[in-house]
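Hi,

Here is the structure I said I would pass on. Have a look at it, and then read my notes underneath.

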Amino acid sequence: MPFPALPRGLYAVSALALAIGSLAAPAQADTLNIGIQGELASFDTSQVSGGVWESQVLMDVFEGLVVQSPTGELLPGMATRWEVSDDGKTYTFHLRDNAKWSDGEPVTAEDFVFGWQHLLAPKNASKYAYMLYPIANAEAINTGKQPAESLGAKSLDGGKTLEVTLNHPTPYFLQLLTHYTAYPVPKHLVDKYGRDWVKLDHIATNGAFHPVQWVSQSRISVEKSPTYYDADEVALDGVNYYTTEDRNAGISRFRAGELDVLADYPSSRYQWLKENLPDATHMSPMLGSYYYVLNFRDGHPTTDKRVREALNLAIRRNVISQQIMAGSFKASTGLVPPGTNHYQAQHMDLGSDDMNARMAKAKALLKEAGYGPDHPLTLRLRYNTSDEHKKIAIAVAAMWKPLGVDVQMVNSEATVHYQTIAQGDFDVARAGWIADYNDAENFLALLHTGVGNNYGAYSNPAYDKLMDQAAQTLDLDAREKLLEQAEDLALNDYALVPLLTYVTRNLVNPDLQGWEDNVEDDHPSRWVSFKD
């Protein structure tokens, strides 16, 4: 989402302070029930698998230096104000005097430094560690080349001030700080309990809510935190997050009043829901891409560019979008979705729109690669459990069948799915990416060598060079051109199978206020209340 320009020097907070007060007036205390798509991997942010449902839980119980309003504005969080140096490389954050963990201990700048070091520690193998790479020495720490203490983040003034030094100016740095990778970690609890600090009888969090119960594969419950600095303005007394992978069952629970929000209802139900629950059915533009990962590790047939091109040629994306998904997705031939800030969407060159010509070329490519009736191409396609993902997988397999491709489909629940593909146990795998911040780099980093969410282990030195150059380019127009060249290169290398662009799809109780549609589909519960 486009954010307002932020001035260098002292950050003006007076208008924002007024905005905060108007966003969430105290209302009748109540509990919000949300149906999320999967289960949280851990309250330890270094162990999070990357699901959007995890972000929903974590943004409610933790808070970063800055936060986002319901519509996506940047607002002060743990920091009340900050300054940025003239060269754009040094940020100085001033923490709240009344910032506290849920156990009453103060939140200090040291908790941020420690939290970031914890996320970057090689032993923790965080897939999201690369998000902090703009900070000086972060990458070297994460790859074991530098000690944790070398991180460009310092606690000053007895923990009241955090000074952050970047490798180079980073236009999206403040937006990045709203992501859970930039949350603090309670150093006093890690020192006392080690890895067990996340157990519910030990954990402390610094957000509007703190966790009180976790029933595996069923529900996580949180309660309003009385130590939260803005507790008087938090209307809800708690939130329940129900693991609801069966989206149709989720609709039934919503209609029965058991859920107030159902995230991501099935696209096939949109028309029925719009007709029968018009006030509750939400759909809006979103910065998100639905794609298939191709495995570049040795021994997988998708290491052959001819195979990758053939698989892309055979897919009828408009059929998937319009017929299979009933228009609730947009067909896509690129990774970065349209509408991304300061970026022109790129498209894979698939030649002719004539599917007969494309299929003929795809068959020739596979024959050239050594596949045919006597040596059929067999692919293991993994997807996470969902009727929607199953429909798309079946459709894609049917589109590949005329090429003589034998597709073996394997499904598992979301957390297991992402853990499995991160280990490389697949040929083709379903993946989706929702923007953590509105910048093309957030999508294109998925194909950079060594990045944790680069599930297919794609590695192209030319691509990496363009991305690295873009990261050090101050001129936004020049940076945009480098990023566009990088995506164009990857698409012409058939580095993935782009399929669709997301829209947000949520069922929302009409009695809620403070819940707003936005392009990142983030909905912090601290702003939500029930109408009187």
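Below is what I found, starting with the aromatic residues and moving on to the helices and some single residues.

Before anything else, please keep in mind that this is a predicted model.

**Aromatic rings**

There are 18 aromatic pairs in the structure. The one to pull up is Y418 with Y455: the ring centres are 5.7 Å apart and the planes stand at 45°, so this pair is tilted. Its two members come from distant parts of the chain, 37 residues apart. Y418 belongs to helix 13 (residues 414–422), while Y455 sits in the loop between helix 14 (440–444) and helix 15 (461–471). Both of these tyrosines, Y418 and Y455, are buried.

Y418 also turns up in a long-range relationship with G50: 368 residues separate the two in sequence, yet their C-alpha atoms are 8.1 Å apart in space. You'll find G50 in the loop between strand 1 (31–36) and helix 2 (52–61). Its relative accessible area is 25%, so G50 is partly exposed. Setting aside residues up to four places away in sequence, G50 touches two tyrosines, Y128 and Y180.

Elsewhere, W82, Y91, F93 and F173 come together as one aromatic cluster. Y91 has another partner worth showing: T170 touches Y91 and P134, again not counting residues up to four places away in sequence. T170 is in the loop between strand 7 (161–165) and helix 5 (173–176). Is T170 buried or exposed? With a relative accessible area of 5%, T170 falls under the 20% cut-off, so it is buried.

Two arginines are placed over rings as well. The charged end of R253 sits over the ring of Y242, 4.7 Å from the ring centre. R526 lies over the face of W527, and here the figure is 4.0 Å from the ring centre.

**Helix packing**

A quick reminder before the numbers: two packed helices are described by the angle between their axes and the distance between the axes.

Take helix 15 and helix 16 (residues 476–492). Their axes come within 8 Å and cross at roughly 165°. That angle is over 145°, so helix 15 runs roughly antiparallel to helix 16. The crossing of helix 15 and helix 16 is left-handed. On the helix 15 side, the contact is made by A462, Y463, L466, M467, Q469 and A470. Helix 16 contributes R479, L482, L483, Q485, A486, E487, L489 and A490.

What about helix 9 (residues 305–313) and helix 11 (residues 355–368)? At what angle do they pack? The answer is about 155°, with the axes 8 Å apart. Helix 9 is therefore roughly antiparallel to helix 11. The crossing of helix 9 and helix 11 is left-handed too. From helix 9 the contact uses R306, V307, E309, A310, N312 and L313. From helix 11 it uses M355, R358, K361, A362, L365, L366 and E368.

**Backbone angles**

Most residues other than glycine have a negative phi. Two residues in this model go the other way. A125 has a phi near 45°, which is positive although the residue is not a glycine. N137 also has a positive phi, near 70°, and is not a glycine either.

A125 is placed in the loop between helix 3 (109–120) and helix 4 (138–142). N137 lies in the loop between helix 3 and helix 4 as well. As for accessibility, A125 has a value of 58% and counts as exposed, whereas N137, at 32%, counts as partly exposed.

**Two more residues**

Q322 is in helix 10 (residues 317–324). With 49% relative accessibility, Q322 counts as partly exposed. Leaving out its neighbours within four places in sequence, Q322 is in contact with G327 and F329.

N438 is in the loop between strand 16 (428–434) and helix 14. Its relative accessible area is 3%, so N438 is buried. N438 and P70 are 368 residues apart in sequence, and their C-alpha atoms are 15 Å apart in space.

If you open the model on your side, the tilted pair of Y418 and Y455 would be my suggested place to start.

Cheers

Methods: Residues are numbered from 1 along each chain as its sequence is written. This is a predicted model: local features need pLDDT of at least 70, side-chain atom pairs count only at pLDDT 80 or more; totals for chains, interfaces and linings use all residues. Side-chain values use heavy atoms; hydrogens and water are left out. Rings of Phe, Tyr and Trp (its six-membered ring) pair if their centres lie within 6.5 Å; planes under 30 degrees apart count as stacked, over 60 as edge-to-face and the rest as tilted. Helices (H or I, at least four residues) and strands (E, at least two) are DSSP runs, numbered from the N terminus. Buried means under 20% relative accessible area, exposed over 50%, partly exposed in between (1.4 Å probe, protein chains only). A charge sits over a ring if NZ of Lys or CZ of Arg is within 6 Å of the ring centre and within 35 degrees of the ring normal. Axes are lines fitted to C-alpha atoms, for helices over the stretch in contact, and angles run from 0 to 180 degrees between N-to-C directions. Angles under 35 degrees count as roughly parallel, over 145 as roughly antiparallel, 65 to 115 as roughly perpendicular and the rest as oblique. A crossing is left-handed if the near helix is turned anticlockwise from the far one by less than a right angle, and right-handed if clockwise. Contact means heavy atoms within 4.5 Å.
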